[in-house]
Amino acid sequence: GVGAGILRHPFQLLWTSSSFAPGVALQTATFHAAQSVLRYLLPDLISEPAKFILGTPRFLVFIAPECSGMEGIGLILLFTAVWLWYFRNESRFPHAFLLIPCALLGVWLLNVVRIAAIVLIGNAGQPDIAMVGFHSQAGWIAFTAVALGFSMAARKISWVRREPDHTVPADPTTGVAEKGESAATSAYLVPFLAILAASFVSRAASGSFEWFYPLRLVAGAIAVAYFRKEYRLFDWRSGWQAPVAGAFVFLVWIGPSLWWRGAAVNPLTELSPAMRIAWLAVHLVASITVVPLAEELAFRGYLARRVLSRDFDLVSYSNLTPLAIGISSLAFGLLQGQHWFQGIVAGIVYAVLVKQRGRLGEAIIAHATTNLLVSAWVLVRGDWWLW
């Protein structure tokens, strides 16, 4: 059997049977819920409640406490608390608090579906996809879906929202109505969100290697093309400082590989030469075009300025504050997974460059330079773990 619950997580001890009893209760509830779902789909279902083992003769999983939804519940609880605090002036209390248990229940139910899907995928003869790609990404897909649903409900349901979503009454002295979120928000965020959604899908459908990476390029390119008219108004110029900053970030990024090397096995050897070249070409094109463009629009273009003002598009890049740079860089770093430290450093370097030069094009060129150099390093050295 394959253990669905065998994860190495720094907070695992918070909810083991010996240290956190509620985790065991959640484990039991999750097991029986998944069992109820699978009972109608798998006639040869194997269920061992005492050992929390569930599956079929072809594929068995162990539902550990840390895989029973506690992590997702914790993340959603943090997200909803931060959201309601940030939008406290636009939310009606205590009404808005009722959305929190709905969100927690939603993420738990999606985790039950995730476990059932893992068993179904593994039983269908794809254990690698079930335990590597889908196992890890389905949780993030569920979190994203619930977070998006919560934010939409908080802003659209009049019972929990203090003011209408579109405008508030006009100022009697000026006759001008206060606007909601800037109309430019979509142009800055949609390309990144499209690539993020595509990455969830491609990773969930892959095993230990992301074979469907080209979905990111397609999704990002479509989003960028859709907003091409808005982008024509941006200042895309950059100077020599941009590639220099990008090269510096590259050195930071590869630093760990100088004394420690991850998996040296080239997963592309399973492909034919033509497919291998095609995959590498797509990865290279995406990493130096749509990926740096989308990420800089989202983190330096939107988030760093949105911290300062709702009308972020009117904020000059030269006015970025240390707080704005810090928040956007931290968010960008956390997105990089195991490379989180290098990601935070990269975010700071790109943001400082934008502040000094006063235009987003600098960060995009610096980011593209970093990705190009990292790609070259991976191809020459074989440090595939950097991708």
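**Notebook: cores, a helix pair and a sheet**

I looked first for the largest nonpolar core, which has 53 residues, with Tyr188 and Leu386 making the most contacts inside it. The model I am reading is a predicted one. I then listed the helices that each supply at least two residues of this core: H5 (185-204), H6 (214-226), H8 (241-254), H9 (273-288), H10 (290-306), H11 (322-334), H12 (340-357) and H13 (360-381). H10 gives the largest share, 9 residues.

I next looked up the surroundings of Leu386. Not counting residues up to four places away in sequence, Leu386 touches Trp253, Ile254, Ser257, His339, Trp377 and Val378. I also noted a second, separate core of 24 residues, which includes Phe31, Leu38, Phe59 and Met131.

I turned to the packing of H9 and H13. Their axes lie 8 Å apart, at an angle of about 155°. Angles over 145 degrees count as roughly antiparallel, and H9 and H13 are therefore roughly antiparallel to each other. From H9, Leu280, Leu284, Ser287 and Ile288 meet Ala368, Asn371, Leu372, Ser375 and Leu379 of H13. By class, I recorded 6 nonpolar, 3 polar and no charged residues in this contact.

Last, I examined the sheet. It is open, with 3 strands in the order E1-E2-E3 and antiparallel pairing. E1 (46-48) and E3 (59-62) are at the edges with a single partner strand each, so one side of each has no neighbour in the sheet. The twist from one strand to the next averages 10°. I found 3 bridges between E1 and E2 (residues 53-56), and Ser47 stands opposite Leu54 in E2. Helix H3 (residues 99-123) packs on the sheet and touches E2 and E3, its direction making about 150° with that of E3.

Conventions:
Residues numbered from 1 in each chain as written. Predicted model: local features only at pLDDT ≥ 70, side-chain atom pairs only at ≥ 80, totals over all residues. Heavy atoms only, no water. Core = buried A, V, L, I, M, F, W, Y, C linked by side-chain atoms within 4.5 Å. Buried < 20%, exposed > 50% of the residue type's maximum accessible area, 1.4 Å probe, protein only. Helix = DSSP H or I, 4+ residues; strand = E, 2+ residues; numbered from the N terminus. Contact = heavy atoms within 4.5 Å. Axes fitted to C-alpha atoms, helices over the stretch in contact; angles between N-to-C directions. Parallel < 35°, antiparallel > 145°, perpendicular 65-115°, else oblique. Nonpolar A, V, L, I, M, F, W, Y, C, P; charged D, E, K, R; others polar. Pairing = 2+ DSSP bridges.
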